[in-house]
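Hi,

Here is the model we talked about. Have a look at it first, and my notes follow below.

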Amino acid sequence: MSDEGSTATVNGRQNSRPTLEQVAARAGVGRGTVSRVINGSPRVSEQTRAAVARAVAELGYVPNQAARALAGSRTDAVALVIPEAEARLFAEPYFLDLIRGVSAELAEADKQLLLTLVRSEQERQRFEQYLAAQRVDGVLLASVHGDDPLPDRIRELGIPVVMNGRRSEAEPVPYVDSDNIGAGRAAVAHLVGRGRRRIATVTGPLDMYVARARLGGYRAGLAEAGHAPDEGLVAPGDFTEAGGRAAMRELLARRPDLDAVFVASDVMAAGARGALREAGRRIPEDVALVGVDDSPVARLMDPPLTSVRQPTERMGRTMARMLLHAVAGTPEDPRRVFPTELVVRGSC
């Protein structure tokens, strides 16, 4: 939240609730330091902690929750934030596997999981207000786009945070990811090994590092096979079935001679399969198809989809475990990247 003071009328006068900035000014420290003290972070000196506690008491800043945090207690709750609409959340097996892993790890630690969807700037600001009230011990973030300021804002509030994926190669926030470049390379190498020569790709949204990495792996795989780059064989998608269908139609209109497609998710691959069948193309005889995730969607397609597996549930557990260590003041390695594995089925 911006943490601007709210006002209330008492005996005909307006009284402003003290802000975090006012506490920081009174204590002679930065806003982030105040947040760390209120959140019970061990990375604060006793002298600073005492100064902030004195300022909180003098100003009467959020006495109930802050006092409990200053005393060293915690909420025993963790927020998992997914900045996507409900439709995509429940249609995408990846998120369900991730939630299953996070939930299992937190349950073993007797922590409560709060699932939050942030779909607009207003909802982001509301969530920041929730965080500033110290209602969770830490935050897990999934499906973060490259320009999303929320990870940095959470850190400014002094709250531990771990991301699923990353915004860039130089991501400063702790994260758990899979080898998305390797996923693209493995898919293309498999298709080349099956004799395919005009290999197209449907990307995810390119403001996300995961999509750019898979596209980079596709391009690297083509270069390693001695294939010249052809941007006419690249079409953008959005990780939805409808997006995969639209991208596949675009590719067929542009390059009807294509004989293989690497699709950056299984859900989009289902849409691409629909477009191929509409065009009378057989899978894999005319066009080979490879997806990513190795989700139930891949196993249930006709023919079953060859897909690059990432250990999504394990990644969810690892995220939660990293966060719990950070909350306890014993942080682990802030960067974990899991290998991927190609699972070959009937689509190529």
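What should the 16 residues of α10 span at 1.5 Å a residue? The expected value is 22 Å, and the end C-alpha atoms of α10 are 22 Å apart, which agrees. (That expectation is 1.5 Å times one less than the number of residues; helices, H or I with at least four residues, and strands, E with at least two, are DSSP runs numbered from the N terminus.)

Some ground rules: this is a predicted model, so local features need pLDDT of at least 70, side-chain atom pairs count only at pLDDT 80 or more, and totals for chains, interfaces and linings use all residues. Residues are numbered from 1 along each chain as its sequence is written, and side-chain values use heavy atoms, with hydrogens and water left out.

Back to α10, residues 209-224. Its buried residues (under 20% relative accessible area; exposed is over 50%, partly exposed in between, with a 1.4 Å probe and protein chains only) include Y209, R214, Y218 and L222. Among the elements covering the buried residues of α10 by contact (heavy atoms within 4.5 Å) are α9 (180-193) and β8 (199-203). A220, also in α10, counts as partly exposed because its relative accessibility is 25%. Just after the helix, G226 has a positive phi of about 80°.

Now the backbone oddities. D293, in strand β11, has a positive phi of about 125° although it is not a glycine, and at 11% relative accessibility D293 counts as buried. D294 has a phi near 50° and sits in the loop between β11 and α13. There are also cis peptide bonds from I283 to P284, omega near 5°, and between D302 and P303, omega about -5°.

Cheers
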